[in-house]
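This report introduces one protein chain to a reader who has not met it before. Its sequence and three-dimensional model are shown below, followed by a description of selected features.

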Amino acid sequence: MPSRRIEHEAAFVLHSHPYSETSLLVEAFSRSHGRLPLVAKGARRQGSSLRGVLLAFQPLTIAWSGRGEVRTLVRCEWHGGYPLPRGEALLCGFYVNELVLRLLPREDPHERLFDHYAVTVAQLAQGAAGGPVLRAFERRLLQELGYALTLDRDAATGAAIEPERLYRYEPERGPVPAVNGASTDDPRVVPGRVLLALAQDDYADASTAAGARQLMGALIDHRLDRQTLHSRTVFRALQNL
């Protein structure tokens, strides 16, 4: 069976690590072919055309060949870019990359998600506030995976969400009125104003923004089946320094 070659594909590097003596194993997120692993042969050799190009958070145009599970990267060009995120923005970028790595199946194209990822990376690089950027990406990621969030209607009755009423968000169903005595220590129990803020991407109020962060974190954890996100662990550790 002949080798298949893909040319001129827009992509980002999600993660890379050394492979054999001089190569890299790269997890790439491509626009038309989704997430896939690529071997960049000789990329760590002095003078390699790939050396210094395979950077995270930079838009690339790549080409690869092969038919196995792991393809061979044959060309990579920097496609004009953004400044690298720094500080908290860099941690937010690592979090976004880890979400894509953990939740997006390999070779499952999501062109709209790819485009939103590119916007997210650009916003972080340009110094946008991390919270609103991450909430927007989390919502789009869940939507692309088939878990679009219901945020403006009671899932039990169809009634409009009341801002001051407490709701419990059931991941497979949506928001339902919380039972009397429900604890707000549960991140899935939030006032209706948090749901409405998420629906409108409005995080001007600090307490609402915090509730939105906790709720989205709980819904992401549900989809991860309680797997630990390393980027989230690092971020929390740094906050406690």
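Aspartate 201 lies in the loop that connects helix 4 (192-200) to helix 5 (206-223). The model in which this residue is placed is a predicted one. With a relative accessibility of 41%, aspartate 201 is classed as partly exposed, because this class covers the range between the buried limit of 20% and the exposed limit of 50%. Its side chain makes a polar contact of 3.4 Å with the side chain of tyrosine 203. Aspartate 201 is also 10 Å from glycine 131, C-alpha to C-alpha, although 70 residues separate the two in sequence.

## Overall architecture

The chain contains six helices and eight strands. In sequence order, these elements follow the pattern β-β-β-β-β-α-α-α-β-β-β-α-α-α. Along the principal axes, the C-alpha atoms fill a box of roughly 65 × 45 × 30 Å. The chain has 241 residues, of which 44% count as buried.

One pair of residues gives a sense of distance within the model. Phenylalanine 235 and threonine 61 are 174 residues apart along the chain, and their C-alpha atoms are separated by 31 Å.

## Strand pairing

Strand 1 (residues 5-19) pairs with strand 2 (residues 23-30) and with strand 4 (residues 60-65). The table sets out these pairings together with that of strand 6 and strand 7.

| Strand pair | Sense | Bridges | A bridge pair |
|---|---|---|---|
| Strand 1 and strand 2 | antiparallel | eight bridges | serine 16 and valine 26 |
| Strand 1 and strand 4 | antiparallel | five bridges | glutamate 9 and isoleucine 62 |
| Strand 6 and strand 7 | antiparallel | four bridges | tyrosine 167 and proline 177 |

Strand 1 and strand 2 form a hairpin with three residues between them, and serine 20 in the turn has a positive phi of about 55 degrees. A hairpin is also formed by strand 6 and strand 7, again with three residues between the strands. In the sequence, strand 6 covers residues 166-170 and strand 7 covers residues 174-177.

## The largest cavity

The structure holds one cavity of 30 Å³ or more, and the space in the largest cavity is about 30 Å³. Its lining is made up of Ala11, Phe12, Val13, Val26, Ala28, Leu38, Leu54, Leu60, Ile62 and Leu73. Strand 1, strand 2 and strand 4 are the elements that each give two or more residues to this lining. Strand 1 provides the largest share, with three residues. By residue type, the lining has 10 nonpolar residues, no polar ones and no charged ones.

Two of these lining residues, Val26 and Ile62, have already appeared among the bridge partners. Valine 26 is the partner of serine 16, and isoleucine 62 is the partner of glutamate 9.

## The largest pocket

The largest pocket holds about 580 Å³ of space. It is lined by 23 residues, and those closest to its centre are Leu134, Arg135, Arg213, Arg232 and Phe235. The elements that contribute two or more residues are helix 1 (88-103), helix 3 (130-144), helix 5 and helix 6 (230-239). Helix 5 gives the largest share of the lining, seven residues. The lining divides into 10 nonpolar, six polar and seven charged residues.

Phenylalanine 235, which is one of the residues closest to the pocket centre, is found in helix 6. Its relative accessible area is 25%, so phenylalanine 235 is partly exposed.

## A buried glutamate and the cysteines

Glutamate 138 is located in helix 3. Is this charged residue buried or exposed? At 2% relative accessibility, glutamate 138 counts as buried. The side chain of glutamate 138 is joined to that of tyrosine 95 by a polar contact of 2.6 Å.

The cysteines can be described in the same terms. Cysteine 76 has a relative accessible area of 9% and is therefore buried. Cysteine 92 is likewise buried, with a relative accessible area of 7%. A disulfide is a covalent bond between the sulfur atoms of two cysteines. With a cut-off of 2.5 Å between cysteine sulfur atoms, the number of disulfides in this model is zero.

Methods: Residues are numbered from 1 along each chain as its sequence is written. This is a predicted model: local features need pLDDT of at least 70, side-chain atom pairs count only at pLDDT 80 or more; totals for chains, interfaces and linings use all residues. Side-chain values use heavy atoms; hydrogens and water are left out. Buried means under 20% relative accessible area, exposed over 50%, partly exposed in between (1.4 Å probe, protein chains only). A polar contact is a pair of N or O atoms within 3.5 Å; within protein, one must be able to donate a hydrogen and the other to accept it, and residues adjacent in sequence count only if both atoms are side-chain atoms. Two strands pair if DSSP finds at least two bridges between them. On a 1 Å grid over the protein atoms alone, a cavity is a set of points where a 1.4 Å probe fits but cannot get out, and a pocket is an open set with protein on both sides within 12 Å along at least five of seven lines; lining residues have an atom within 4 Å of a point. Grid points are joined across faces, edges and corners, and a volume is the space filled by probe spheres set on the points. Ala, Val, Leu, Ile, Met, Phe, Trp, Tyr, Cys and Pro count as nonpolar, Asp, Glu, Lys and Arg as charged, and the others, Gly among them, as polar.
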